[in-house]
Amino acid sequence: MNAVFPGSFDPVTSGHMDVLTRASRIFEHVTVTVMHNARKQGRHLFDLDERLGILRGATAHLGNVSVDSFGGLLVDYMAQQQKGIIIRGLRAVSDYEYELQIAHLNRQIGEVETVFIMAATRWSFVSSSMVREIASYGGDVSEMVPRASAEALRLKFDAAYAERAAGHLERR
Ligand code: PNS
């Protein structure tokens with residue numbers, strides 16, 4: 001059975017990698033798919049090509065994982081050949097309500113099943129948005145993201161990292 005792990009991945013975190021790695025041990029093949037929406041393009045830190053590049057770097061060691069992107073409804077993507085089931089990660093109860101709604105809707109409009117993998121508790125507090133926030137101030141996120149994401153964040157927030165390293169912290 002094949003699976004698809006969809007998401008925004010802006011950028012991919014260690015929590016995503018935990019869920020993906022465990023999914024890759026269960027399913028024959030897992031496609032990590034960056035779901036993108038042209039209307040939301042400006043709202044992301046990393047553009048689509050950057051997110052795909054980071055994901056390719058982070059998943060290169062996983063033999064049965066490939067990286068893809070799609071700009072439409074997830075169920076339409078899933079209808080393409082041999083896509084299998086949707087994988088989503090759950091960190092805490094707070095994720096459940098949102099994920100429950102999406103899973104039901106995807107089954108209603110596309111008859112697609114969703115399987116949940118509980119992210120390791122170690123990553124329960126990690127999200128792409130928090131990682132972006134910390135990195136934007138030059139904070140250390142190296143434990144929370146794979147190396148490919150950490151390097152991309154360092155390049156993106158070059159000035160903030162340099163300032164913090166030099167001890168020039170803003171005091172107001
Ligand atoms: O990483 P995210 O942002 O939690 O992922 C959410 C995502 C991209 C999986 C979800 O928004 C999605 O499937 N978007 C594609 C459009 C779609 O199919 N929407 C209907 C189900 S919400």
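**A loop leucine, its surroundings and the wider fold**

L45 is partly exposed, with a relative accessible area of 22%; on this scale, buried means under 20% relative accessible area, exposed over 50% and partly exposed in between, using a 1.4 Å probe and protein chains only. The structure is a predicted model, in which local features need pLDDT of at least 70, side-chain atom pairs count only at pLDDT 80 or more, and totals for chains, interfaces and linings use all residues. Residues are numbered from 1 along each chain as its sequence is written, and side-chain values use heavy atoms, with hydrogens and water left out.

L45 lies in the loop between strand 2 (29-35) and helix 2. Helices (H or I, at least four residues) and strands (E, at least two) are DSSP runs, numbered from the N terminus. Leaving aside residues up to four places away in sequence, L45 touches D10, E50, R132, L153, K156 and F157, where contact means heavy atoms within 4.5 Å. M17, by comparison, is 28 residues from L45 in sequence and 19 Å away in space, C-alpha to C-alpha.

One of these partners, L153, belongs to helix 6 (residues 147-156), where A148, S149, A150, A152 and L153 are buried. The cover over the buried residues of helix 6 includes helix 2 (48-59), helix 5 (128-136) and helix 7 (158-165). Elsewhere, R154 lies over the face of Y161, at 4.2 Å from the ring centre; a charge sits over a ring if NZ of Lys or CZ of Arg is within 6 Å of the ring centre and within 35 degrees of the ring normal.

Another partner of L45, D10, leads into a cis peptide bond to P11, with omega near 0 degrees. P11 is placed in the loop between strand 1 (2-7) and helix 1 (14-26). F9 is also found in the loop between strand 1 and helix 1, and has a positive phi of about 50 degrees although it is not a glycine.

How many aromatic pairs does a search of the whole structure find? There are two. The rings of F5 and F9 have centres 5.4 Å apart and planes at 70 degrees, so this pair is edge-to-face. Rings of Phe, Tyr and Trp (its six-membered ring) pair if their centres lie within 6.5 Å, with planes under 30 degrees apart counted as stacked, over 60 as edge-to-face and the rest as tilted. F5 is buried at a relative accessible area of 4%, and F9 is buried at 3%. F70 and Y77 form a tilted pair, 5.1 Å centre to centre with 45 degrees between the planes. F70 is buried, with a relative accessible area of 19%, and Y77 counts as buried at 1%. The charged end of K83 sits over the ring of Y77, 4.8 Å from its centre.

Further along the chain, strand 4 (residues 85-90) and strand 5 (residues 114-118) pair in the parallel sense over five bridges; two strands pair if DSSP finds at least two bridges between them. The route from strand 4 to strand 5 passes through helix 4 (residues 93-110), and this β-α-β crossover is right-handed: with the strands pointing away from the viewer, the path from the first strand over the helix to the second runs clockwise. E111 sits in the loop between helix 4 and strand 5. Phi of E111 is near 50 degrees, a positive value in a residue other than glycine, and E111 is exposed, with a relative accessible area of 74%.
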